[in-house]
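This report looks at a ligand and its surroundings, and then at one residue of the protein.

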Amino acid sequence: MDQKGKGLIFIVSAPSGAGKTTLVRKVMEALPGLRFSVSYTTRPPRTGEKEGIDYHFISPGLFRERVEKDQFLEWAEVMGHRYGTGRVDPEALKSEGADLILDIDTQGAKRAKEKLTDAVLIFILPPSIEALEERLIGRGLDPPERIRIRLAHAKSDMEEARWYQYVIVNDKLEEGVAELKAIIVAERQKKRATQ
Ligand code: 5GP
């Protein structure tokens, strides 16, 4: 792909359990020129999560300090933990020759879009609330109480899908991967055509 198609920003949101992490990982393996923006969080790491790869895991005190120093593009409290995206410099991104994927919740996506007006908004939906519940139980990462909270949060989150530019229903993983790839490729072509 030529240089002109680079520097796009994709904001991906999904209720947890919609399969977003796997989807994004697979697309990043398949398409060159994508970088994942590693967020900061006060949530403790889950089994298998790595510092600097999945998140920068920081204390509530350090998080507050970063907020006070205005070091976040956006931040939000999601289900009792704080999550923040570091500042994004679109020009630096362009010269780096990469497109960026931001994984942020619906509150943060709204704020990020206000600042990064060209960003592309993509929402990933689970096929149904029942399927989401099954996945959350199946992945065995959360105790039942946390799953109840996640499901309640997911229901209100899914209503926000309305104002996203693209919606993917992640039923079969391979189809979801193909759809997300198609969106990214189309947006790259669109940018090139209008520049
Ligand atoms: P999890 O704890 O399952 O990794 O993420 C919970 C929620 O936090 C997800 O909806 C995820 O998109 C969101 N999230 C992750 N990083 C950020 C961020 O930097 N900013 C905001 N606003 N939300 C984030």
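Which pocket is the space taken by the ligand?

## The ligand site

In this predicted model, the space taken by the ligand is the largest pocket. Two elements, strand E5 (72–78) and strand E6 (81–86), are the ones that give two or more residues to the shell around the ligand.

The ligand is surrounded by 18 residues, of which the closest are Ser39, Arg43, Tyr55, Tyr83 and Asp103. Sorted by class, this shell holds seven charged, six nonpolar and five polar residues.

## Polar contacts and burial of the ligand

Side chains and backbone both take part in the polar contacts with oxygen atoms of the ligand. A polar side-chain atom of Arg43, one of the closest residues, lies 2.6 Å from an oxygen atom of the ligand, and an N or O atom in the side chain of Lys20 is 2.9 Å from an oxygen atom of the ligand. In the case of Gly84, a backbone N or O atom is placed 3.2 Å from a ligand oxygen atom. Of the 510 Å² that the ligand exposes when taken alone, the protein buries 95%.

## Arg188 in helix H7

Arg188 belongs to helix H7, which covers residues 173–194, and its side chain reaches the backbone oxygen of Gly33 at 3.2 Å. Is Arg188 buried or exposed? Arg188 counts as buried because its relative accessible area is 5%, which is under the 20% cut-off for that class.

Terms used. Residues numbered from 1 in each chain as written. Predicted model: local features only at pLDDT ≥ 70, side-chain atom pairs only at ≥ 80, totals over all residues. Heavy atoms only, no water. Helix = DSSP H or I, 4+ residues; strand = E, 2+ residues; numbered from the N terminus. Buried < 20%, exposed > 50% of the residue type's maximum accessible area, 1.4 Å probe, protein only. Polar contact = N/O pair within 3.5 Å; in protein donor to acceptor, adjacent residues only side chain to side chain. Near = heavy atom within 4 Å. Areas by Shrake-Rupley, 256 points an atom, 1.4 Å probe, with all protein chains shown as cover. 1 Å grid on protein atoms, 1.4 Å probe; cavity = no way out; pocket = protein on both sides within 12 Å on 5 of 7 lines; lining within 4 Å. Sits in = over half its atoms within 2 Å of the grid points. Nonpolar A, V, L, I, M, F, W, Y, C, P; charged D, E, K, R; others polar.
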